[in-house]
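Dear colleague,

Please find the structure below, handed over for your own inspection. My notes on the ligand site and on part of the sheet follow it.

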Amino acid sequence: MIVRMETGITPHDPRVRQVVEKATAHGLKPDTRAEQGTQYVVVEIYLLDGTSRSQSIADHVFHSLPGVAEVVRVTPPRVSIAHKNGSDPHQFTLGEKTLIGTGLPCRLIAGPCTVDYHIEEVVGALSNCGIHRIRGGCWKPRSSPYSFPGLGDKGVKLLLAAARRFNCESVCTEVIESSHIDTVRQAKRAVGYEGQIVLWVGARTSNPLLLAALGAQHDFPVMIKNTIDARGVRDLWDRADWILAGDLSFDANGRLTEEPGRLAGNNRIILCLRGTRQTDPYSPWRFIPNHHWTPILQEKSWAPVAIDPSHSAGTARLVLQNVTAALHFNPSLLMVEGGYPDGLSGPCDAEQSLSLEQIAPVQQAITRHNQERYGQAVH
Ligand code: PEP
Ligand code: MN
């Protein structure tokens, strides 16, 4: 792995020392080399194997340091989301301003389960309430072929056009097959939406080709939800590892091939807890909440953790108490369904959709939590 510093940084710059110290702390052997150009020096720090293999160190460990321009891989990475017991949490921006990650305030994402023709009104209403991170699915993996599957490509354009109109800083939408990544990219361009799009992989989608394709692109962070039958955090990490690995190539003997200068997979990953299957007919919950995975994920892995309290609640009346319970675990994001103005409702998951009035106490709960924990009254 090679860490290339921004041009103009000299070998004795304290920022170079910081990279060297970080590499040493991670068990690597740093070797600093400087290339003198006509005007500038370019400093590169080669991170050679020491007690750890550089192959297994996550890019963000160095990428997040000041003065680092680029982290270049020589050998294919074998990075784990559970690297070094979660030390060096990965913090990255959603949109221009909002930094998310373990150790930072919790942020709210809200919007309809599924994008429909009311999307502009819904996004407008949410924006009016100060919510600028929007969610909405355009391709919905339904359990029955007779249920509404979403508006597809058309839905993406409607969603992004609404987000653009109301200046939303980020939009989360679900992808269920690899071609959807490009569809979203094209819609973004066609509509001229400049905010951050996050692509999510839902609980019913287990397609390794999709996960690898999400890992091979660097335009969009990826939120990965636990599957309905996930038995624990390991299942979620295993899914995330596909995204981290990215687009690997193998030779005819099945060995990973070396491509000097290759980029690693996508490390802007969010792990989302949405509840697991429940079989008790008397339970008030639609899925068993698995918020309690949060501290384990935060201790042992570095990706930000999101909680979706809507799908485990299953009914709007249980969502607020589920949000309150979720906040005890200090997630980085809370994603709720809702936002329809009075008299309107959506084609999917309407029972768990919060009205605008019901979203207000969710915003207040998050703001209070962030004020108490981080001294910042934000949501
Ligand atoms: C959703 O977020 O609308 C959704 C379908 O979620 P999940 O995949 O968790 O059921
Ligand atoms: Mn839903």
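Ligand 1 is surrounded by Cys113, Arg135, Lys140, Glu174, Trp200, Gly202, Ala203, Arg204, Lys225, Arg274, His311 and Glu337, where a residue counts as near if one of its heavy atoms lies within 4 Å. This is a predicted model, in which local features need pLDDT of at least 70 and side-chain atom pairs count only at pLDDT 80 or more, while totals for chains, interfaces and linings use all residues. Residues are numbered from 1 along each chain as its sequence is written, chains are lettered from A and ligands numbered from 1 in the order in which they are written, and side-chain values use heavy atoms, with hydrogens and water left out.

By class, the shell comprises seven charged residues (Asp, Glu, Lys and Arg), three nonpolar ones (Ala, Val, Leu, Ile, Met, Phe, Trp, Tyr, Cys and Pro) and two polar ones (the others, Gly among them). Oxygen atoms of ligand 1 lie 2.8 Å from an N or O atom in the side chain of Arg135, 2.8 Å from a polar side-chain atom of Lys140 and 3.3 Å from an N or O atom in the side chain of His311. On its own, ligand 1 has 290 Å² of accessible area (Shrake-Rupley method, 1.4 Å probe), of which the protein covers 97%.

Trp200 also belongs to strand 10 (residues 196-201; strands are DSSP runs of E, at least two residues). Six of the six residues of this strand are buried (under 20% relative accessible area, 1.4 Å probe, protein chains only), so strand 10 is largely enclosed by the rest of the structure. In a regular strand the side chains alternate between the two faces of the sheet. Here Gln196, Val198 and Trp200 are buried on one side, and Ile197, Leu199 and Val201 on the other.

Strand 10 pairs in the parallel sense with strand 9 (residues 170-174) over five bridges (pairing requires at least two DSSP bridges). Glu174, another residue of the ligand shell, has Trp200 as its bridge partner in strand 10. The chain passes from strand 9 to strand 10 through helix 5 (residues 179-191; a DSSP run of H or I, at least four residues). This β-α-β crossover is right-handed (clockwise from the first strand over the helix to the second, with the strands pointing away from the viewer).

Strand 10 and strand 11 (residues 222-225) are likewise parallel, with three bridges, and Met223 is the partner of Trp200 in strand 11. Helix 6 (residues 208-215) connects strand 10 to strand 11 in a right-handed β-α-β crossover.

With kind regards

Technical notes:
A polar contact is a pair of N or O atoms within 3.5 Å; within protein, one must be able to donate a hydrogen and the other to accept it, and residues adjacent in sequence count only if both atoms are side-chain atoms. Buried means under 20% relative accessible area, exposed over 50%, partly exposed in between (1.4 Å probe, protein chains only).
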